[in-house]
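Colleague: Before I look at the model, could you show me how to read a cavity and a helix crossing with due care?

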Amino acid sequence: HAYDRRQRQMCIRDINLSEKVFLEKMAQFFNKRLNGYEEHQLNAIDGAQEFYPFTASLLPVHNKATVLDLGCGTGLELEYYFKLNPTAKITRVDLSEDMLKALKEKFSGKAITVIHGSYFDVAFEKNRYDAAVSVESLHHFTKDAKTSLYKKIFQALATDGFFILTDYFAQTEKEENFFRQELLRLKAEQGISDNEFYHYDTPLTAAHEMQALQEAGFSQIKILAQWGATCIIKAVK
């Protein structure tokens, strides 16, 4: 996540960090950072003020289009999307209860269903959604975990539905492997043995991400745009 990105860049250049990294459970991490979250997302990530509206522009604009949003936070992309499609019906899933409360207040009156929980655990209605989207959320998980999730998304999409993934990616396999091992090292060092999600960036390469989507059943998988390490990938059912 962007909160780790400066740290990530320093690590990969083998620069010693002066501050120790303490892992926090994912929901707790974002609940604690609700204040200032939107300003940070828009101003601390290269290209964010362009890729949020561009992501929104890729979503369906027909009347009452149905969209599944994974790891939605406070819904930054919705601010742009509802201008394009005010009748859209959104189902939003997030681990952070505080983020979801802020989202509901911000978009009161819109057709939004919020689900508090992990998108790995939540059951999605099959053949339900015109599109699914995830922005800056999925770079914490392994390829195997993502493949399983992408199969669920694939099944949740209607015929010819599509998934828009806006996220940032490791530049090399060496970098991808380094951060996965670094997370395991930190968990061992801090005595963490449970299987809950902890906030630490472990992005895949874009190639491995696209492989996971293909293995889940998606076709026509391609990168539509890129800002530094952030890419927008579209995958069609």
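Modeller: Bear in mind throughout that this is a predicted model. A useful habit with a cavity is to begin with the character of its wall, and here the residues lining the largest cavity divide into 14 nonpolar, nine polar and four charged.

Colleague: How many cavities of 30 Å³ or more does the structure hold, and what volume does the largest cavity have?

Modeller: The structure holds one cavity of 30 Å³ or more, and the volume of the largest cavity is about 300 Å³. Its lining comprises 27 residues, of which Phe 30, Gly 71, Cys 72, Asp 94 and Ser 137 are the closest to the centre.

Colleague: Which helices and strands each supply at least two residues of that lining?

Modeller: Helix H2 (26–32), helix H5 (76–84) and strand E2 (89–94) each do so, with H2 giving the largest share, namely three residues.

Colleague: Turning to the crossing, at what angle do the axes of helix H3 and helix H4 cross?

Modeller: For a pair of helices, one reads the angle together with the approach of the axes. Those of H3 (residues 37–44) and H4 (residues 48–57) come within 6 Å and cross at roughly 105 degrees; since angles of 65 to 115 degrees count as roughly perpendicular, H3 and H4 are therefore described as roughly perpendicular to each other.

Colleague: Which residues meet where H3 contacts H4?

Modeller: From H3 come Gln 41, Leu 42 and Asn 43, which meet Ala 48, Gln 49 and Tyr 52 of H4. Sorted by class, this contact has three nonpolar, three polar and no charged residues.

How values were computed. Residues numbered from 1 in each chain as written. Predicted model: local features only at pLDDT ≥ 70, side-chain atom pairs only at ≥ 80, totals over all residues. Heavy atoms only, no water. Axes fitted to C-alpha atoms, helices over the stretch in contact; angles between N-to-C directions. Helix = DSSP H or I, 4+ residues; strand = E, 2+ residues; numbered from the N terminus. Parallel < 35°, antiparallel > 145°, perpendicular 65-115°, else oblique. Contact = heavy atoms within 4.5 Å. Nonpolar A, V, L, I, M, F, W, Y, C, P; charged D, E, K, R; others polar. 1 Å grid on protein atoms, 1.4 Å probe; cavity = no way out; pocket = protein on both sides within 12 Å on 5 of 7 lines; lining within 4 Å. Points joined across faces, edges and corners; volume = space filled by probe spheres on them.
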